[in-house]
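I opened the notebook again today to write down what I looked up, entry by entry. The sequence and the coordinates go in first.

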Amino acid sequence: MAAPGWLPPDARPVVRVVDMHTGGEPLRIVPGGLEPGPAGPTLLARRRHMGAELDHVRRLLVHEPRGHRDMYAAVLVPSELPAAQLGALFLHGQGYSTMCGHAVLALGRFALDGGLVPAPSRPETAVTIHCPCGPVTAFVPWDGQRSGSRVRFHSVPAFAAAADVTVDVPGHGKVVVDIGYGGAFYAFLSAERLGLDVCSSKTQDLVDAASAVTEAVKRQFQLHHPDNEELAFLYGTILTDGKDAFCDEPTTNICVFADAQVDRSPTGSGVTARIALQFHKGLIQLNQTRTFRSSSTGSLFTGKAVKEAKCGDYNAVVVEVSGEAFYTGTATFVVEEEDPLKYGFSLK
């Protein structure tokens with residue numbers, strides 16, 4: 001049996017990771033040590049630099065054979081914000097996102113357990129995480145020794161970008177969607193409008209329909225973000241059960257993002273955007289808590305609008321999202337230079 005810490009002869013250790021999941025959605029955390037690391041004076045600049053110069057690291061982390069086509073990762077980087085304990089770049093199979101709620105919930109735990117926050121306080125510690133969309137604060141249980149699994153966060157200002165927009169979707173005709181921002185932009189509609197049931201239809205049918213909506217909205221609707229146009233892109237489509245009016249029963253959805261990736265969780269930034277849309281439409285009030293269920297795993301998040309805000313000219317809300325995050329493992333990934341697939345591959 002190989003000794004602990006053993007590495008293959010002549011293999012170059014590239015990166016050490018901690019794996020977690022939130023509501024079933026994986027998160028591969030790179031605590032640091034990328035050489036060279038993403039460079040730039042701001043987090044958005046480091047995001048651009050990583051995409052242009054270090055994209056092989058993303059592919060190594062999330063693609064096969066070390067990952068899979070629905071893998072997700074976060075690289076921890078310094079933040080230029082004095083109030084932030086850490087910065088994070090979010091990586092998926094196609095590229096880089098601007099916000100990731102399931103990752104924030106997991107990173108809150110990791111920040112405490114990994115010693116990134118000096119002198120955590122009981123029973124709960126606030127951790128400010130600088131995301132590409134802006135600072136997000138996670139609130140993490142702390143018993144003096146370890147973090148608790150149920151974490152909540154307060155979002156950047158979230159808003160309804162557009163309501164009741166008609167788009168022409170190939171194979172489905174004209175459908176009406178809402179577009180919301182919760183750190184990333186999503187299109188929302190009931191799966192029923194596409195002849196599907198979010199709870200019982202085949203996942204591939206839901207993925208195909210949601211992907212068609214995403215492409216149609218990208219072609220037919222121009223997004224705008226008042227803070228930075230680098231944030232103004234449609235990340236995906238969330239199909240729902242149509243239960244947008246406030247009630248105590250969970251509402252179910254599936255999020256299909258990037259290149260047809262399926263979120264196993266209810267999607268933290270999606271919950272944020274959906275709450276913002278419901279508040280905009282008068283379907284929910286401040287501090288009314290809704291429960292959101294993932295159609296793929298049955299995992300649950302809760303969300304509520306906790307205060308009104310502004311984002312440029314948009315009326316916005318800060319949304320609190322909560323869910324459970326768990327550790328699943330650690331790994332050291334290596335590269336053998338003669339390996340023709342050393343930086344991974346993706347099958348679709």
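The entries below go from the cysteines to a pair of helices, then to residues in strands, and end with the backbone.

**Entry 1: cysteines**

I noted before anything else that this is a predicted model. How many disulfides does the count come to? With a pair of sulfur atoms required to lie within 2.5 Å, I arrived at zero disulfides. I then looked at C247, which is in no disulfide and whose nearest cysteine sulfur, that of C199, is 13 Å away. C247 counts as partly exposed, at 25% relative accessibility.

Why is C311 without a bond to C133? I found the sulfur of C133 to be the closest cysteine sulfur to that of C311, but at 10.0 Å the separation is too far for a bond. C311 itself is buried, with a relative accessible area of 4%.

**Entry 2: helix 1 and helix 2**

I turned to helix 2, residues 55–62, where six of the eight residues are buried, so this helix is largely enclosed by the rest of the structure. I listed the buried residues as D55, V57, R58, L60, L61 and V62.

How are helix 1 and helix 2 arranged relative to each other, roughly parallel or roughly perpendicular? Helix 1, residues 43–53, packs against helix 2 at an angle of about 80°, and the two axes are 5 Å apart. Because angles of 65 to 115 degrees count as roughly perpendicular, I recorded the two helices as roughly perpendicular to each other. On the side of helix 1 the contact is made by M50, G51 and E53, and on the side of helix 2 by D55, H56, V57 and R58. Sorting the residues of this contact by class, I got two nonpolar, two polar and three charged. D55, V57 and R58 take part in the contact, and D55, V57 and R58 are also listed among the buried residues of helix 2.

**Entry 3: T252**

I placed T252 in strand 13, residues 251–257, and found T252 to be buried, with a relative accessible area of 3%. Which side chain does that of T252 join in a polar contact? The partner is the side chain of R293, at 3.3 Å. Leaving aside neighbours within four places in sequence, I wrote down that T252 is in contact with V198, C199, L239, T240, D241, R274, R293, S294 and S295.

**Entry 4: V140**

V140 lies in strand 7, residues 134–141, and I found V140 buried, with a relative accessible area of 0%. Apart from residues within four places in sequence, V140 is in contact with G108, R109, L112, P123, E124, T125, V127, S147, G148 and V151. I also checked V140 against P9, which is 131 residues away in sequence and, from C-alpha to C-alpha, 41 Å away in space.

**Entry 5: Y235**

Is Y235 buried or exposed? I found Y235, in strand 12 (residues 234–240), to be buried, with a relative accessible area of 6%. Not counting residues up to four places away in sequence, Y235 touches Y72, H92, S97, M99, A184, F185, Y186, F257 and A258. I noted a C-alpha separation of 10.0 Å between Y235 and G270, which are 35 residues apart along the chain.

**Entry 6: backbone**

I ended with the backbone, bearing in mind that most residues other than glycine have a negative phi and that most peptide bonds are trans. Where did I find cis peptide bonds? One joins E64 and P65, with omega about 5°, and P65 sits in the loop between helix 2 and strand 3. Another joins R122 and P123, with omega about 0°, and P123 is placed in the loop between helix 3 and strand 6. P123 had already come up in Entry 4, as one of the residues in contact with V140.

The loop between helix 3 and strand 6 also holds A119, whose phi is near 50°, a positive value in a residue other than glycine. A119 counts as exposed, at 75% relative accessibility. D164, found in strand 9 (residues 158–169), has a positive phi near 55°, and I recorded D164 as exposed, with a relative accessible area of 51%.

How values were computed:
Residues are numbered from 1 along each chain as its sequence is written. This is a predicted model: local features need pLDDT of at least 70, side-chain atom pairs count only at pLDDT 80 or more; totals for chains, interfaces and linings use all residues. Side-chain values use heavy atoms; hydrogens and water are left out. Buried means under 20% relative accessible area, exposed over 50%, partly exposed in between (1.4 Å probe, protein chains only). Helices (H or I, at least four residues) and strands (E, at least two) are DSSP runs, numbered from the N terminus. Axes are lines fitted to C-alpha atoms, for helices over the stretch in contact, and angles run from 0 to 180 degrees between N-to-C directions. Angles under 35 degrees count as roughly parallel, over 145 as roughly antiparallel, 65 to 115 as roughly perpendicular and the rest as oblique. Contact means heavy atoms within 4.5 Å. Ala, Val, Leu, Ile, Met, Phe, Trp, Tyr, Cys and Pro count as nonpolar, Asp, Glu, Lys and Arg as charged, and the others, Gly among them, as polar. A polar contact is a pair of N or O atoms within 3.5 Å; within protein, one must be able to donate a hydrogen and the other to accept it, and residues adjacent in sequence count only if both atoms are side-chain atoms.
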